[in-house]
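Welcome! Here is a short briefing to read alongside the sequence and the 3D view. Take a moment to look at both before going on.

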Amino acid sequence: MKNFDSEKHVRGESQFVDDLLVPEGTLYAHVYYSRVAHGKILSINLSAAETMTGVTAIFTSKDIPGANQIGGIVPDEPLLAEQYVHFNGQPIAVVVADSAFHARSATEKIVVEIEKLPVITDPREAFSKNELLVPPMTIELGDINATWSKCDIVVEGIAETGGQEHLYLETQGAFAVPVEGGAVKVVSSTQGPTAVQRTISKVLNIPMNKIEVDVLRLGGGFGGKEDQATPWAVMCALAATKLRRPVKMILHRQDDMRMTGKRHPYSSDFKIGLKSDGTILAYEVTFYQNGGAAADLSPAVLQRTMFHCTNSYFIPNVKAIGYSCRTNLPPNTAFRGFGGPQGKFVIEAAIFKAAEAMNVEPSFIQKKNLLKNGDEFPYGQIAERCQAIPCWNSLEQKISIGNVKKKVDDFNSANEWKKKGFALMPICFGISFTNTMMNQASALVHIYTDGSVGISTAAIEMGQGVNMKIHAIAQKIFSINTERIKLESTNTTRVANTSPTAASSGADLNGMATQLACNVLLERLIKFAAEQLHQYDPTKISISDEKIFNDGKETEWTWTKLISAANAARISLTSHHFYSTPKIYFNRESSKGHPFAYHVFGTALIEVTLDCLRGTYEIDAVNIVHDVGKSLQPAIDLSQAEGAIMQGIGWMTVEEIIYNNEGRLITDALSTYKVPDVHFAPKEMNISFLENSENPFAPFNSKAIGEPPFMYGIGAYFALLNAIKAFRPNTTYSAIAPMTPERALSLLYKEVGTLAPAL
Ligand code: MTE
Ligand code: LUZ
Ligand code: MOS
């Protein structure tokens, strides 16, 4: 069950964009970007750069033959700045030279004069100045206004979460080769090959059939390449078609960190009302999303935040308002969870605060309000096959919350300078792109005459193992040796009009399409085999382990013989199939519908130890029961869960994105941006998959895994808050993440509160 890429990765044989052998004469591109976050471009002087060694050409917005426009949802983002710059890191010019070094050196000689304009980095400030990327969004269930007076407890507060750098190991990059007739072939490190193709078409003003985009694999994407892999590919295609030479661009890590958007920071207001028995009656939340300088995917991210604002709880009266605020930061973008984590953090903060007011454990309120079958989500969908309670109960069977609490309390009374804390974190995540149209995929399956199989789909392999899953599906259906099946690169000429591999639905959508395509081939082959074996009932024919069985008895026929005979008999050994998720819809006017094929559930218990002298901490244990349906590849699902949890804990604790007031990224290298390392990983991590979970909406009853476990990481924040409270019971705080050691220290000692003025 190991990932067939692992060996190639370890040997360094796996090819990423920068590993492709390039033809002689290939040129290298480097981007010149703004160092000013907001301003008017007064002049661009390229003359010194143009005379530098090796420079072939320098392109600016004036050289764009089509539309200077890369906005995916809203057309509000130029590829190269024209009169104004709106963020520090915004591309202004592309230098092309005979080596990457020459291109970079010449870039440093470009002089751009910019008149500075006021900079906004804070979403609430943007909101107050009416700087919104799209109109506000609202979702309502029941009647909150009529409910507050019926509540025994009402608490209000604010909650904030920070950004997050994707830190894919392979930085953004692309390679474009001009092809006869004005066409271009592009290799891109993208999650969305069709988005790249469509945008090149628009910017270069050539039809999509002249653009071929090919993707072998990514060294990670995490959402950062859903939309933001596009500009680099477009720049390469622009230069390649203009210069009639292959052009390659690989971003340096620091440039990548400065130019690309990150997870959206949010600042939110909440108000929650409960009965004295812990039942939540009403929840009101306002989200101020820091969208950055252009819309990018922000509206879709905000919509998912709204959809997940009640996490895995049933709340009968809800009102959520979302503002996507325009600031002078690089446009923020998709990142694992896609707004879901930001929505869930706020409800968890509200429950935590309500628990304090009621003098109960947060887990008491959490458990009391878990979703059940038949409950309505704020967006109108009714919970079905709901596993919120089974996951929670299954976790409690494995590990007693009472015992954990006693262990933590005992430790805390015995230790003055170290305190433990724990928190539970249930999750519920909707699977499907919230934009119904995007829930489609297709697969093209060839059986070659030697019996080997090649599969092309829209899925992008980015380390998440989607190829292994699709492989497993084909293998189950054909019952042939694993080595016979190969997953081809993702290519827009083989599989067209694709959605990005995102929303955790890559394996679901492309797997379903593959299943359908393979079944068509299997049916064809079985019918042919039946004829050859004079068996007039094809249901009596089966293939198992490369052997053909007739009425349960092994025959002389093997897979290879069958394929070669079928080819001789002129039977098509190719099948293409399309899949679109059934039943889903969403009405934007009423904000109601059935946007998700299904939901993924789970519950985590996270324990931490805090060093109250230093503010540093360790993650002691993570125990989880997670619902993956019937796992297609348990090893992959387990590693996806582990990776996602680690990334989620990182977001909540040590990872801190800082822009200064001028909109300059301070944390633009790994010396200043800390990601969790192996020493920070939980000392103990036990992940069990919920048993007996059925899911008809994904291949072989499986469930999506990519994003949902990320949100368990939120538990680490509240576990740390509990440890802080154990040291300083009367501390006053707002739920502001990340809980870096600095922030922990400033909560432990208010006297040093100047470290974090926001507190
Ligand atoms: N795992 C690895 N190793 N690398 C990645 O880039 N991306 C995540 C998740 N797991 C990612 C990953 C994100 S954001 C998504 S949406 C899913 O994988 C996408 O793949 P899937 O739809 O096949 O699950
Ligand atoms: N991308 C997207 C996503 O375009 N729509 C979504 O709903 C989504 N959800 C999660 C991750 N990426
Ligand atoms: Mo994942 S954020 O949907 O690429």
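Let's start with a pair of helices: helix 17 and helix 18 count as roughly parallel to each other, because their axes cross at roughly 30 degrees and angles under 35 degrees are classed that way. Please keep in mind that this is a predicted model. The points below go on from this pair to two further helix pairs, two ligands and two places in the backbone.

**Helix 17 and helix 18**

- Helix 17 covers residues 714-727 and helix 18 covers residues 741-748, and their axes come within 10 Å of each other.
- The two helices, 17 and 18, cross in a right-handed sense.
- On the helix 17 side, the contact is made by Leu721, Ile724 and Phe727, and they meet Ala744, Leu747 and Leu748 of helix 18.
- By class, this contact of helix 17 with helix 18 has six nonpolar residues, no polar ones and no charged ones.

**Helix 9 and helix 17**

- Helix 17 also pairs with helix 9, which spans residues 340-358; the axes of helix 9 and helix 17 come within 10 Å and cross at roughly 30 degrees.
- Helix 9 and helix 17 are therefore roughly parallel as well, and their crossing is right-handed.
- From helix 9, the residues in contact are Pro341, Lys344, Phe345, Glu348, Ala349, Phe352 and Glu356, while helix 17 brings Ile714, Tyr717, Phe718, Leu721, Asn722 and Lys725.
- Sorted by class, the contact of helix 9 with helix 17 holds eight nonpolar residues, one polar residue and four charged residues.
- Leu721 is worth finding in the 3D view: this residue of helix 17 takes part in the contact with helix 18 and also in the contact with helix 9.

**Helix 13 and helix 14**

- Another pair to look at is helix 13 (residues 466-478) with helix 14 (residues 506-532), whose axes come within 9 Å and cross at roughly 25 degrees.
- Helix 13 and helix 14 are therefore roughly parallel to each other, with a right-handed crossing.
- Helix 13 contributes Val466, Lys469, Ile470, Ile473, Ala474, Ile477 and Phe478, and these meet Gly506, Ala507, Asn510, Gly511, Thr514, Gln515, Cys518, Asn519, Leu521 and Leu522 of helix 14.
- The contact of helix 13 with helix 14 divides into ten nonpolar, six polar and one charged residues.

**Around ligand 1**

- Ligand 1 is surrounded by 18 residues, and the closest are Gly221, Phe222, Met462, Gly506 and Gln640.
- Gly506 is one to look for twice, since this residue is among the closest to ligand 1 and is also in the part of helix 14 that meets helix 13.
- A polar backbone atom of Met462 sits 2.9 Å from a nitrogen atom of ligand 1.
- Gln464 uses its side chain instead: one of its polar atoms there is 3.0 Å from an oxygen atom of ligand 1.
- For Ser505, a polar backbone atom is 3.2 Å from an oxygen atom of ligand 1.

**Around ligand 2**

- The residues around ligand 2 are Glu226, Arg304, Phe338, Phe433, Thr434, Met438, Ala502, Ala503 and Glu707.
- An N or O atom in the side chain of Glu226 lies 2.8 Å from a nitrogen atom of ligand 2.
- Thr434 has a backbone N or O atom 2.9 Å from an oxygen atom of ligand 2.
- A polar backbone atom of Ala503 is 3.4 Å from a nitrogen atom of ligand 2.

**Two places in the backbone**

- Ala737 and Pro738 are joined by a cis peptide bond, with omega at about 5 degrees.
- Pro738 belongs to the loop between strand 30 (735-736) and helix 18.
- Arg244 is a residue other than glycine with a positive phi, near 55 degrees.
- You can find Arg244 in the loop between helix 6 (230-243) and strand 12 (247-250).

Methods: Residues are numbered from 1 along each chain as its sequence is written. Chains are lettered from A and ligands numbered from 1 in the order in which they are written. This is a predicted model: local features need pLDDT of at least 70, side-chain atom pairs count only at pLDDT 80 or more; totals for chains, interfaces and linings use all residues. Side-chain values use heavy atoms; hydrogens and water are left out. Axes are lines fitted to C-alpha atoms, for helices over the stretch in contact, and angles run from 0 to 180 degrees between N-to-C directions. Helices (H or I, at least four residues) and strands (E, at least two) are DSSP runs, numbered from the N terminus. Angles under 35 degrees count as roughly parallel, over 145 as roughly antiparallel, 65 to 115 as roughly perpendicular and the rest as oblique. A crossing is left-handed if the near helix is turned anticlockwise from the far one by less than a right angle, and right-handed if clockwise. Contact means heavy atoms within 4.5 Å. Ala, Val, Leu, Ile, Met, Phe, Trp, Tyr, Cys and Pro count as nonpolar, Asp, Glu, Lys and Arg as charged, and the others, Gly among them, as polar. A residue is near a molecule or strand if one of its heavy atoms lies within 4 Å of it. A polar contact is a pair of N or O atoms within 3.5 Å; within protein, one must be able to donate a hydrogen and the other to accept it, and residues adjacent in sequence count only if both atoms are side-chain atoms.
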